[in-house]
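Reader: I'd like to learn how to read a model like this one, feature by feature. Could you walk me through it?

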Amino acid sequence: MNLIISNSSGHPIYEQITDQIKACILSGELSEGQALPSMRALARDLHISVITTKRAYEDLERDGFVVVVAGKGCFVAPRNLELMREEKRKQVEQILEKAVEQAKAASISLEELGEMLSLLYED
Amino acid sequence: MVLQVKEIHKQYPQFLLDKISFELPEGAIMGLIGENGAGKSTTMRIILGMAQADSGSVSIFGHEGVTEQDRAQIGVVFDELPFNQTLFVSHLGKVMQGIYPNWDQQAYEEYLVRFRLPDKKELKDFSRGMKMKLSLAVAMSHHARLLILDEPTSGLDPVVRAEILDLFLEFISDGKRSILVSSHMTGDLERIADYITLIHQGRVMLSKNKDELIYGYGIARADRQTLAAVDSSLVEAIQDGPYGSQALINDRVRFEREYPDILLDRLNLDEMMVMLCRNEVHRQ
């Protein structure tokens, strides 16, 4: 697993970690039941504070991607299809949001945008 | 809690340490920041029992007061290397063996190798970086559960500092041991500290989870009138300049929602300190 962290983006480091681990789980790179590195080992290897990796893991657990077993560690949660779908839906929504922003800035109407979307979808 | 400082109060002739309180949990690193003379070193000396407070208490390892047994489990690094300057590192090992009941000679020798600290060389001929690494090697070779470090990396180059920071993360990786480190290297603390405590003129101005601070606060920049109009409950301090002003904002999410058009920069500890400590800054 690769975790590429930017120090200078506005994006909090714990969010970057959470997002990237989620992506690994969704893509199958991390498989169901697989153990994640301990949050302390992760902090050491990324040269960051434990409180940051702790937050990342807590958010992953909150969103249903991992299960924290006290005394044992952190494991990838069983594949929950609805969860995966919801996550993908969120990602698409974010991309569409950007498209809408730029369309508005370029005075492209909703109608035009809709047409573009239909054409692209049919490809 | 590994360390609990409760309302430490001490009146000096020219200075007052005013009800200092903060807590350091197990397996955590707390960065203590503040101007020189703010009271950081004094607080640390009181924690170690090297000075007595007028009132308040210090709890270490879950009980009040510091016993001899506790001291054996606390590793200390203060600025001056407190060792005889004509010693070799091997002599130092023998001296420490006589002082610390839990002295781990093997661990010490491993650190000497790891830090490339040569034997048969008098301490007075060591560079500043080497002296610092030696102090840390000693502090970490007697099974300490708590490290109390006063400016352990000042004057050191970035390469050595990175090495030492990794060492800190390694030290706390068992989840039981903790580090209290006072430092001006705020960039380092931003990366590896779990908690930040700011001491200013003898008082704790804030003591917070590092991520909540760095990502929860922010620095807003705009012209004076715009910032003056911001809800004062969001503003900790405002600093005016000839070409614009900046404000220390304590709730990034709320600020971005209510004032989306005002530039809000990520917090950095240096700027935060200047805004909270500098005299000509208006604090709310």
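Author: Gladly! Let's begin where the chains meet: 14 residues of chain A are in contact with 19 residues of chain B. Keep in mind as we go that this is a predicted model.

Reader: Which helices of chain B each supply at least two residues of the side that touches chain A?

Author: Helix H6 (158-171), helix H7 (186-192) and helix H8 (210-216) of chain B each do so. The most comes from H6(B), which gives four residues. Sorted by class, this side of chain B has eight nonpolar, seven charged and four polar residues.

Reader: Let's turn to chain A on its own. What does its secondary structure come to?

Author: Chain A has five helices and three strands. Along the sequence their pattern reads α-β-α-α-β-β-α-α.

Reader: And what radius of gyration does chain A have, set against a compact globule of 123 residues?

Author: Such a globule would have a radius of gyration near 14 Å, whereas chain A has 18 Å. For the extent along the principal axes, the C-alpha trace of chain A spans about 55 × 35 × 20 Å.

Reader: Next, helix packing. How do I describe two helices that pack together?

Author: Two numbers describe a packed pair: the angle between the axes and the distance between the axes. Take helix H1 (residues 13-27) of chain A and helix H3 (residues 50-62) of chain A, whose axes cross at roughly 45° and come within 8 Å. That angle is why H1(A) counts as oblique to H3(A). As for handedness, the crossing of H1(A) and H3(A) is right-handed.

Reader: Which residues in H1(A) and H3(A) meet?

Author: From H1(A) there are Ile13(A), Tyr14(A), Ile17(A), Thr18(A), Ile21(A) and Lys22(A), and they meet Thr52(A), Thr53(A), Arg55(A), Ala56(A), Asp59(A) and Leu60(A) in H3(A). By class, the residues of this contact between H1(A) and H3(A) are six nonpolar, three polar and three charged.

Reader: At what angle do helix H2 (residues 39-46) of chain A and H3(A) pack?

Author: At about 125°, with the axes of H2(A) and H3(A) 8 Å apart. This angle makes H2(A) oblique to H3(A). The crossing of H2(A) and H3(A) is right-handed. H2(A) brings Met39(A), Arg40(A), Leu42(A) and Ala43(A) to the contact, and H3(A) brings Val50(A), Thr52(A), Thr53(A), Lys54(A) and Tyr57(A). The contact of H2(A) with H3(A) has five nonpolar, two polar and two charged residues.

Reader: Now for sheets. What is a good general idea to carry along?

Author: In a regular strand, side chains alternate between the two faces of the sheet. Beyond that, look at strand order and pairing. Chain A has an open sheet of three strands in the order E1-E3-E2, with antiparallel pairing. Strand E1 (35-36) and strand E2 (66-69) of chain A each have a single partner strand, so one side of each is left without a neighbour in the sheet.

Reader: How many bridges join E2(A) to strand E3 (residues 73-76) of chain A?

Author: There are four, and the two strands run antiparallel. Within this pairing, Val69(A) has Gly73(A) in E3(A) as its bridge partner. H3(A) also packs on this sheet, touching E2 and E3 of chain A, and its direction makes about 115° with that of E2(A).

Reader: In what order do the six strands of the open sheet in chain B run?

Author: The order is E6-E7-E8-E3-E9-E10 (chain B), and the pairing is mixed. At the edges are strand E6 (74-77) and strand E10 (203-209) of chain B, each pairing on one side only. From one strand to the next, the twist averages 15°.

Reader: Where could I look for an antiparallel pair in that sheet?

Author: Try strand E9 (residues 195-200) of chain B and E10(B), which pair in the antiparallel sense over six bridges. There, Tyr195(B) has Asn209(B) in E10(B) as its bridge partner.

Reader: Which helices lie on these strands?

Author: Helix H1 (residues 40-47) of chain B lies across strand E3 (29-33), strand E7 (146-150), strand E8 (178-182) and E9 of chain B, and runs at about 150° to E7(B). Helix H11 (residues 269-277) of chain B packs on the sheet too, touching E3, E9 and E10 of chain B, with its direction at about 30° to that of E9(B).

Methods
Residues are numbered from 1 along each chain as its sequence is written. Chains are lettered from A and ligands numbered from 1 in the order in which they are written. This is a predicted model: local features need pLDDT of at least 70, side-chain atom pairs count only at pLDDT 80 or more; totals for chains, interfaces and linings use all residues. Axes are lines fitted to C-alpha atoms, for helices over the stretch in contact, and angles run from 0 to 180 degrees between N-to-C directions. Angles under 35 degrees count as roughly parallel, over 145 as roughly antiparallel, 65 to 115 as roughly perpendicular and the rest as oblique. A crossing is left-handed if the near helix is turned anticlockwise from the far one by less than a right angle, and right-handed if clockwise. Two residues are in contact if their C-beta atoms, placed from the backbone, lie within 7 Å. Ala, Val, Leu, Ile, Met, Phe, Trp, Tyr, Cys and Pro count as nonpolar, Asp, Glu, Lys and Arg as charged, and the others, Gly among them, as polar. Two strands pair if DSSP finds at least two bridges between them. The radius of gyration is taken over C-alpha atoms; the globule rule is 2.2 Å times the number of residues to the power 0.38.
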